[in-house]
Amino acid sequence: MDYSKFKVLIVDDNTTNIQVVGSILKNLKVDISVATNGRAALEIVNKVNPDLILLDIMMPEMDGFEVIDELYSNDSTRQIPVIFITAKIQTEDIVKAFEKGAVDYITKPFKAPELLVRVKTQLNIKHYLLTLERQTSQLKKLNQDKNEFLSIAAHDLKNPINTITMLGKVLRDTDDLSADEIKEFANDLITSSSKMFHLISELLDINAIEEGKIAMTKENVNLDSVIKTTVMQYDMHANEKNIKIVYNNTAQNPYALADENAVVQILDNILSNAIKYSPFDKSISIELLNTDNKIIFSIKDEGLGFTEEDKTKLFSKFSKLSTRPTNNENSTGLGLSIVKRYIEALDGNIDLESTHGEGAKFIVSLPIASMIDD
């Protein structure tokens with residue numbers, strides 16, 4: 001195990017003892033702090049938060065027992081393990097040390113191998129406890145995500161499933177439907193199934209990204225071409241809300257070093273959100289430009305924008321924001337989480353400029369690729 005990341009505090013009023021212990025621990029390459037009295041030890045503990053304290057009992061003014069009492073009366077320091085190192089060998093002293101909360105007890109004169117193995121044992125325990133804490137935290141997060149997933153699936157899938165069921169019964173049980181009615185029902189079926197497909201796709205995408213199952217193939221991607229294609233695909237959706245999409249390309253080199261499928265997903269999510277959260281009769285501005293080493297595109301809408309609280313959870317999974325879609329569109333809270341993970345996988349960056357009530361502008365920068373002669 002690598003012990004260099006651990007911090008050990010040695011407390012003894014005898015500087016020779018400190019030097020001896022320090023020389024022994026040097027083999028572990030731990031970060032060592034020292035104190036020659038109890039008060040100084042407590043001050044250092046508050047500054048460096050050591051992983052282990054080697055504490056002498058017999059010290060003037062404030063002995064080791066008083067130091068450990070102070071440590072363990074404080075919530076922020078009571079979890080620090082303490083090994084007493086002392087010349088006191090009476091049984092009652094040893095018992096008292098453990099009653100105070102010490103994890104071990106070494107009597108002077110001590111042997112270097114014994115001290116070393118006892119210190120290593122406590123640092124190993126600390127390592128395993130930290131690992132357990134991290135794993136417990138991860139399990140809690142996974143359980144929370146599972147609950148969020150079930151909540152979203154139950155809520156967002158319920159309505160389209162009910163719609164499909166209802167329309168199916170009408171088509172099955174009604175003999176005199178007109179061609180226009182059948183066409184209208186068919187469109188409703190397509191809309192409902194599309195909502196279900198979109199939700200399931202986003203849930204599968206975020207899961208695949210987090211498990212590292214999506215392989216990125218970095219190549220030269222013409223962002224100008226991808227943006228134009230994406231805008232064309234969303235023209236009908238924008239027209240339904242009388243939203244005008246304005247695209248301006250000033251990039252001398254429109255090529256990004258990226259994965260084309262990922263770039264399509266990024267653009268698709270941001271532009272669809274811009275339309276979704278824009279009121280009727282507004283416009284969306286898309287710009288493309290480049291620097292020497294970055295290709296940058298931005299998408300700006302004229303919606304409500306985001307509050308400061310919204311900004312703190314914008315890229316989190318299943319985030320519920322104060323801003324809502326303006327035409328009862330579906331929102332899972334996963335889109336921007338997927339976007340951020342894709343951008344990070346492409347060594348890019350995403351920024352947001354937004355004042356609540358004045359719209360939002362997402363700015364994405366990606367590594368630039370070599371210019372290709374068309």
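Reader: In this predicted model, with which residue does Lys228 form a salt bridge, and how far apart are the closest N and O atoms?

Author: A salt bridge is read here from the distance between a side-chain nitrogen of Lys or Arg and a carboxyl oxygen of Asp or Glu, which has to be within 4 Å. In this case Lys228 is paired with Asp224, and their closest N and O atoms are 3.2 Å apart. Both residues belong to helix H7, which covers residues 223–240, and they are four residues apart, about one turn of the helix.

Reader: Are Lys228 and Asp224 buried or exposed?

Author: Lys228 has a relative accessibility of 47% and therefore counts as partly exposed, whereas Asp224, at 14%, counts as buried, because buried means under 20% relative accessible area.

Reader: Which parts of the chain does the salt bridge between Lys218 and Asp347 tie together?

Author: The side chains of Lys218 and Asp347 meet at 2.6 Å, N to O. Lys218 lies in the loop between helix H6 (179–210) and strand S6 (219–222), while Asp347 lies in the loop between helix H10 (335–345) and strand S11 (349–354), so this salt bridge ties together parts that are 129 residues apart in sequence. Lys218 itself is partly exposed, its relative accessible area being 38%.

Reader: How many salt bridges does the structure hold, and which residues are joined into one network by salt bridges that share partners?

Author: There are 14 salt bridges in the structure. One of them is formed by Glu309 and Lys313, whose closest N and O atoms are 3.8 Å apart; Glu309 is exposed, with a relative accessible area of 55%, and Lys313 is partly exposed, at 26%. As for the network, Asp12, Asp56 and Lys108 are joined into one by salt bridges that share partners.

Reader: Turning to helix packing, at what angle do helices H2 and H3 pack, and how far apart are their axes?

Author: Two packed helices are described by the angle between their axes and by the distance between those axes. Helix H2 (residues 38–48) and helix H3 (residues 64–72) pack at an angle of about 25°, with the axes 10 Å apart. Since angles under 35 degrees count as roughly parallel, H2 and H3 are therefore roughly parallel to each other, and H2 passes H3 in a right-handed crossing.

Reader: Which residues make the contact, and how do they divide by class?

Author: From H2 the contact is made by Gly38, Arg39, Leu42 and Val45, and from H3 by Val67, Glu70 and Leu71. By class, the contact of H2 with H3 has four nonpolar residues, one polar residue and two charged residues.

Methods. Residues numbered from 1 in each chain as written. Predicted model: local features only at pLDDT ≥ 70, side-chain atom pairs only at ≥ 80, totals over all residues. Heavy atoms only, no water. Axes fitted to C-alpha atoms, helices over the stretch in contact; angles between N-to-C directions. Helix = DSSP H or I, 4+ residues; strand = E, 2+ residues; numbered from the N terminus. Parallel < 35°, antiparallel > 145°, perpendicular 65-115°, else oblique. Left-handed = near helix turned anticlockwise from the far one by under 90°. Contact = heavy atoms within 4.5 Å. Nonpolar A, V, L, I, M, F, W, Y, C, P; charged D, E, K, R; others polar. Buried < 20%, exposed > 50% of the residue type's maximum accessible area, 1.4 Å probe, protein only.
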